[in-house]
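Hi,

Here is the structure I promised to pass on. Have a look at it first, and then read on for my notes on what turned up in it.

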Amino acid sequence: STSAPAHFIRTRIAREFEAGLHQRVVTRFPPEPNGYLHIGHAKSIVLNFAMPDEFGGYTNLRFDDTNPVREEQRFIDSIKEDVKWLGYRWENECYASDYFETLYGYALSLIDNGLAYVDEQDAETIRAQRGTLTEPGTDSPCRNRPSAESRRLFEGMRAGEFPDGAMVLRARIDMAAPNINLRDPVLYRIRREHHHRTGDDWCIYPSYDFAHGQSDAIEHITHSLCTLEFEDHRPLYDWLIEHLPVPSRPVQIEFARLNMDFTVMSKRRLTRLVDEGHVHGWDDPRMPTIAGLRRRGFTPESIRSFCTEIGVTKSESIIPFGVLERNLRDDLNARAHRRMAVLRPLKVVLSNFPEGETEWIEAANHPQDPEQGSRRLPLTREIYIERDDFMEDAPKKFFRLKPDGEVRLRNAFIIRCQEVIKDDEGTVVELRCTFDPETRSGQPGSNRKVKGTIHWVSAAHAIRAEVRLYDRLFNVPHPAGDRDADFLEHLNPESLEVLRDARLEPGLAPAKVGSYFQFERLGYFVPDVDTAPESPVFNRAVTLRDTWAR
Ligand code: ATP
Ligand code: MG
Ligand code: MG
């Protein structure tokens, strides 16, 4: 799944190279710094970095910071961290706000060429005059205002002579164009908003359409890759490039956004989840943000291979979350060391095991790959097993431990359950078992078969840990698709389960954030950022099998 499949953008660029149209590919990843990056952004990042990697060229990181409200430095910092963590290095760190002066000059040139005018009508009137898909628009009374007068007004807009909303600058294109985006779109608005980088230098701000393509041209971007909702804007993109004194001529190519089930992907909704406290921040492991996925235990490799696998198309689809999880399993299966951990401990006393003695067992870190070495596990008279690996009234097909039944302890020997000890309420609190020394590895009975093998830890040596298990954040596949309800109504109340009495094999005590393990039979786990040597905290990144295939 890691080899790059053909897609229409790669094919198109290859054709352009054959035709000698380019010597290199220059792309940009253009986030608006108004939130954290999510897995949808990863799709765009992977595509924007893959094309120059393959054809030669580079990628800029451009902060699309033309909207002064809601943009913040902490979002810029998180975006840079996430792109780097995904494994990418941008050529230039750019800010659309650095081009405000150049863009202002471009606007003046449009005015001087009779291609833009200042309109003093209010936003409501302008919207009403735009017409519909079947009706042409209506000319503004300002449309034929002399260039010199528009220039004077526009300079006054910049100088702060007029209040917010008093007037706008519009391109003068075609009020009867079938594409409504070409019906004299707004290029500049007056907004007295403090900008996170330019402060109060500006009280007019360019529209997305006026800023984006021109920023591409300034940076000599060859291919401006964006999502499908901008397809209708392409004629305007091209018109502006054609009529402005820009230094290069980029082209815009659109592809389908990534959508995934059981989650939401728009920054507006993700912001609500954070601000209203439904999750513990942008990096909550249940969030589809890069920061959340990283904390949960996803690797950059798994996110990149996922983005490559899903490909690039022109049609929207919804990718099952399980596809991302499968990419993580495939990645970690090959390289995660195996460890033993008991999430819900049940004490087992091995009555024929000498009291006070510790037997050290050599256990492979990876069953298929001896190169990954081994570690020594302590085995003592008292151990913990998983509570649900024992069943008192077990059905026939239950191949784990039951009264008078046998099971193999992973890496050790076969035990038989002799006695079940309960408390006053009838809850099983301890099992008394005997072990068969002949079934140790290297002993004559080591090949004796029993149906089940279970994991365990030595009670005396195990470390206590908190383990966090995650489920889908929403309990319906399309939480945002329900028009009759707020998406928050579909939150899964059981998306986080915290187990505070898990027991881990002792070697896991010093595990640091960034390491990953397979806890045998339980899934892939990583230390959480909350972990500390005295109080380890682990997240389950993913189960061993797709328990979500429904
Ligand atoms: P949102 O709706 O989540 O706020 P956005 O498009 O407004 O997304 P930007 O910060 O402007 O967010 O996005 C930066 C880049 O990432 C853009 O080129 C955008 O098209 C792309 N992108 C955003 N969401 C997705 C997605 N779900 N799939 C693919 N690309 C995406
Ligand atoms: Mg955007
Ligand atoms: Mg947005």
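The UniProt record, an unreviewed entry, lists D64 and Y208 under "binding site". In this predicted model, the two positions span 145 residues in sequence, yet their C-alpha atoms are no more than 8.6 Å apart, so they gather at one spot.

Where does D64 sit? You will find D64 in the loop that runs between strand 2 (57-63) and helix 3 (73-85). D64 has 21 C-beta neighbours inside 10 Å, and the cut-off for buried is 20 or more, so D64 counts as buried. Setting aside residues up to four places away in sequence, D64 touches P30, P31, E32, A96 and H212.

Y208, the other listed position, belongs to helix 7, which covers residues 208-218. With 14 C-beta neighbours inside 10 Å, Y208 falls between the limits for exposed (12 or fewer) and buried (20 or more), and therefore counts as partly exposed.

Since helix 7 has come up, here is how it packs. Two packed helices are described by the angle between their axes and the distance between the axes. For helix 7 and helix 8 (residues 234-243), the axes come within 9 Å and cross at roughly 60 degrees. That angle lies outside the ranges for roughly parallel (under 35 degrees) and roughly perpendicular (65 to 115), so the two helices are oblique to each other. The crossing of helix 7 past helix 8 is right-handed. On the helix 7 side, the contact involves D209, F210, G213, Q214 and A217, and these meet L236, Y237, L240 and I241 of helix 8. Sorted by class, this contact of helix 7 with helix 8 has 6 nonpolar, 2 polar and 1 charged residues.

A second helix pair may be useful to set beside that one. Helix 11 and helix 12 (residues 321-335) pack with their axes 8 Å apart, at an angle of about 130 degrees. This value falls between the roughly perpendicular range, which ends at 115, and the roughly antiparallel one, over 145, so helix 11 is oblique to helix 12. Helix 11 also passes helix 12 in a right-handed crossing. The residues making the contact are E301, S302, S305, F306, E309 and I310 from helix 11, together with V323, L324, N327, L328 and D331 from helix 12. By class, the contact of helix 11 with helix 12 has 5 nonpolar, 3 polar and 3 charged residues.

Just ahead of helix 11 is a loop worth a look. G297 is in this loop, between helix 10 (290-296) and helix 11 (300-310). Is G297 buried or exposed? G297 counts as buried, because 28 C-beta neighbours lie inside 10 Å. Leaving out neighbours within four places in sequence, G297 is in contact with Y516, Y524, F525, V526, N539 and A541. By contrast, G297 and T427 are 130 residues apart in sequence and 35 Å apart in space, C-alpha to C-alpha.

One last position: A364, in strand 15 (residues 359-364). A364 has 15 other C-beta atoms within 10 Å, which means that this residue is partly exposed. Not counting residues up to four places away in sequence, A364 touches P370 and S374. From A364 to V498 the separation is 134 residues in sequence and 29 Å in space, C-alpha to C-alpha.

Best wishes

How values were computed:
Residues numbered from 1 in each chain as written. Chains lettered and ligands numbered in written order. Predicted model: local features only at pLDDT ≥ 70, side-chain atom pairs only at ≥ 80, totals over all residues. UniProt positions renumbered as here; feature names shortened; annotations may be inferred. Helix = DSSP H or I, 4+ residues; strand = E, 2+ residues; numbered from the N terminus. Contact = placed C-beta atoms within 7 Å. Axes fitted to C-alpha atoms, helices over the stretch in contact; angles between N-to-C directions. Left-handed = near helix turned anticlockwise from the far one by under 90°. Nonpolar A, V, L, I, M, F, W, Y, C, P; charged D, E, K, R; others polar.
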